[in-house]
Amino acid sequence: MSVSLSAAGSSPYRVTLVVPVYDVEPYLQECLDSLAAQTMFGRIQVFLVDNGSRDRSYKICQEFAASRANVEVLYRRGGGAGAARNAALERATAPYVTFCDSDDILPPGAVERMWTAAVETRAQVVVGAMETFPKRTDWPWRAYFGHGDRTFTDLAELPELVHSASACNKLFALDHIRAHRIAFAEDTHFEDAYFAVPALLLADRLTLVDACVYRYRKRAAADSTMDSLWTRPRNFHDHLALEEYLRRMRPRLPAHRQEVLDRFLVRSYQGFALRAPGLFGEAELRGLFARCRAVYAGVDPATIVASTADSRHRVAYLAFLTGDFTLFADPQAALRGPRAEDGRLFLETVREVPDALRPLTELSPLEAHLECVRRIKGTGDIELAGRFELPGLPVTAELPGRLSLRVRGCRLTVPARQVRRRDLAARRADLEWAGFTARVPLDALRPGAHGVRLVLDLDGGRADGGQADNGRADGGQGGAQVSAECRVDAGFLRGARALSDGRTRVLPHWRGGNRAVLVTAAEGTLPRRVRSWRMLLAKDAKQAVRRRSFWRARLIRLATLPLFARRDIWLFGERPDTAQDNSWHLFRHVRAVEHRRGAYYVIRADSPDRARLKGLGHVVAHSSWKHRLLMLHATVLVNAYDIDAYMLPDGWDRTSYLKHLNWRVGARRVFLQHGVTDKDVSRGLHRNRTGLDLVLAAGDREARYLTEHLDYQDEVKVLGFPRFDALRRERGHRSILFMPTWRARLTAPSYQRPGERAASAAAARERFAGSTYREFLTRLLHDPRLRAALRLHDYVLEFLPHYEMRDTARDVLPADDRVVLLDQRETGVQDALRRCDLFVTDWSSTAFDVAYLGTPLVHAQFDPDEYGAGHYPKGWFDARRDGFGPVCATVDEVVDELVRYLENGCVREPEYTRRAKEFFAYQDRDNCSRAAAAIAELAHT
């Protein structure tokens, strides 16, 4: 990691630009074109350093350099991007140097803008603004921009800039770099910070250029450090090595710059320190602990408080400074709970904490989110439910003291009950008991808009709920009370619609800062429609005057309301390009059998599945003006998948839609499901997150799971799946259907926005290429014993990849006419299920469809740990105990079972028939009728 100290000397160039290159063929040409477009390109010395690319990157570099005298291509192997940059730095001759990664873009004039500023101000480091795409990132140091070009003599004048650790949005004086022997780290991650942070700290003149000089492409590469920042053990060690390297330069800095360095050391490692105990065993964790103790010894506790996100992140630093390994490795065992003192809350630890370190134990403010508001049937009450957090305090059991909910402006405080939440535990084990519910009587609410606060009152706190505006109040007698204004989240917004008991009407809503409010009005004597019209007219007018999101849609809805006033609009859909699942079957029933006039199906105009809807009428092109208009007047939104991900027209931002339009329309949400809920899907399907009004279940055990663990009450109904009505077995095709489900890590999911999908698709293909998933598919489909059995018994194996995997999994097919690839765009899943004689899947819920049909099946569960960690954790269903066929873990076991079934004529064993009969609540042809009746009842409540 050394760089030559020779002077730059006389050079025809003003700036040296270094671009390390490694396997970036899809993005490289765009990067190179941005270099060539620089206004001073002819005066820039460009080094393209290929570091052993395996794709066409090196050739593209050569082609670019061939006609450009100022461009030189270097080739080397090993050492990573740091070594590639150092190799070019050795050859730099211009007085200034800058860097660009080969998948990013330089805006036109970026280099000249920085060079001009450096020459005029004699700055040793020039820093410009950086933008990320396709998604914007707001770094704390961005606040320094927007005030014009400025020059500083010390980094301490703008300390947050130390966290701008990239070398790519900066121009460096080469003599500054060489005088201080600054170089990139080699063969390690975070190599930029080894260069940029010392350069900033040691500079005596810094200039900020108030313009975007760098566009950083955020992509999830298969081996991306940032993509696996908290899950890859090497990152923890590499970043700690960076901390140690920077810590060694601390004595060279004056005191005020030492403080800036300490800020970087603390903030940049806080995420690693927090997560390390969940990733490493004790021996390795002790090694990390000892190294961290050496790095943070002597750091001022005030700096740690100022540089950490919250008290949860400070626990590790408290452990480092006190030498308490247990506090670091197992905080739940070392923390006793909150301690109240002078109206504030502190973490109480098993070991006594020195007074000087007590600031690290003060808890950050209580945080609370309101997620769900619904009527309690048979009462005049509503239930408010949400979640809370006291950062740093594990909430793994009921807290001491009591919780209450205060509705401000009503002089109303009601008890709140702390509840265990499976979905919160699935996200973070230390929040298992961080849910709450409270009952609020509607007749106690006064007219107006009322904020809601969650109050935690510890033993000795006042019972009256007196509260200071800052969220803390002295409870007296050593007690304390803390509170937080409840904020809204997506679940709250999805389920927001007016509730009434006949006397009082309340609308769950929000106001600035995402604060939850209950908008309450007395029902009065005027007809409800007149009162609603007046209130909503005023709100729509206000929205239009202020030109807020969806103001045009609100006015269009208002203008067209007379046309839809008496129409009951049911809007059906699946993924934007599919009509194969429960939504399609139910839509076909309500149109062809019940002749429902207000039912519409939304699908892409160019979708092959549109042909399935022929003759039914009311088929609407996705994102057309008619689709948008129907969304403004829908009574019910019906989907077998995620409504917000697939049903919104293109261009409708999900968050803005939920905030500004969803509550206004008030459509009920119906989830038909696209498979039996047999896994732990609590993270995404908990009632407090979905706002769903009706969820269908196929059996009592499934419904019990949805009720007990996902908090669906009357919303879940055991009605059977509409698609089951069409499940009629068509034997005789002599086919085995192999239909594995997808893996979230190995694809760019269709629910991602287009820009996100484009950025992650290439990375997904790389991950798939080296995955256990691909290895199993390849070995099974190429197995010689299986292929011989197919020929012997005259069968064909049909391979139908999951919708999300269809573009990545097709290359595993052997050249064998007995193994055939199916495509969902040409062959419907249900068509393939009906005609197969034997079925093979891994974790797909289509196993339940096949069990319903009576077809024998094999569960090929070859990657339980990977699937559970990267896709869905195990739920209530255990295939070995509850499944409908033998369970296999290896290719050989799967082939053994397939050969056995082929030899016995593909007959299902009685035990699996019994299990199927016991699971399904209905095995008739009335699933569609029951579902339609339930939706009709919902639409009129």
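This passage describes one helix pair and two buried residues in a predicted model. Local features rest on pLDDT of at least 70 and side-chain atom pairs on pLDDT 80 or more. Residues are numbered from 1 along each chain as its sequence is written, and side-chain values use heavy atoms, with hydrogens and water left out.

Helix 3 (residues 80-91) and helix 6 (residues 191-202) have axes that come within 8 Å and cross at roughly 50 degrees. Helices are DSSP runs of H or I of at least four residues, and strands are E runs of at least two, numbered from the N terminus. Axes are lines fitted to C-alpha atoms over the stretch in contact, with angles from 0 to 180 degrees between N-to-C directions. Helix 3 is therefore oblique to helix 6 (neither under 35, over 145, nor 65 to 115 degrees). Ala-81, Gly-82, Arg-85 and Leu-89 of helix 3 meet Glu-191, Asp-192 and Phe-195 of helix 6 (contact: heavy atoms within 4.5 Å).

Ser-11 is placed in the segment before strand 1 (15-21). Its relative accessibility is 16%, so Ser-11 counts as buried (under 20% relative accessible area, 1.4 Å probe, protein chains only). The side chain of Ser-11 forms a polar contact of 3.1 Å with that of Thr-93 (a pair of N or O atoms within 3.5 Å, one able to donate a hydrogen and the other to accept it). Beyond its neighbours within four places in sequence, Ser-11 is in contact with Thr-93 and Ala-94.

Leu-493, in helix 15 (residues 490-494), is also buried, at 7% relative accessibility. Residues up to four places away aside, Leu-493 touches Val-488, Trp-510, Leu-658, Lys-659 and Asn-662.

Terms used
Buried < 20%, exposed > 50% of the residue type's maximum accessible area, 1.4 Å probe, protein only.
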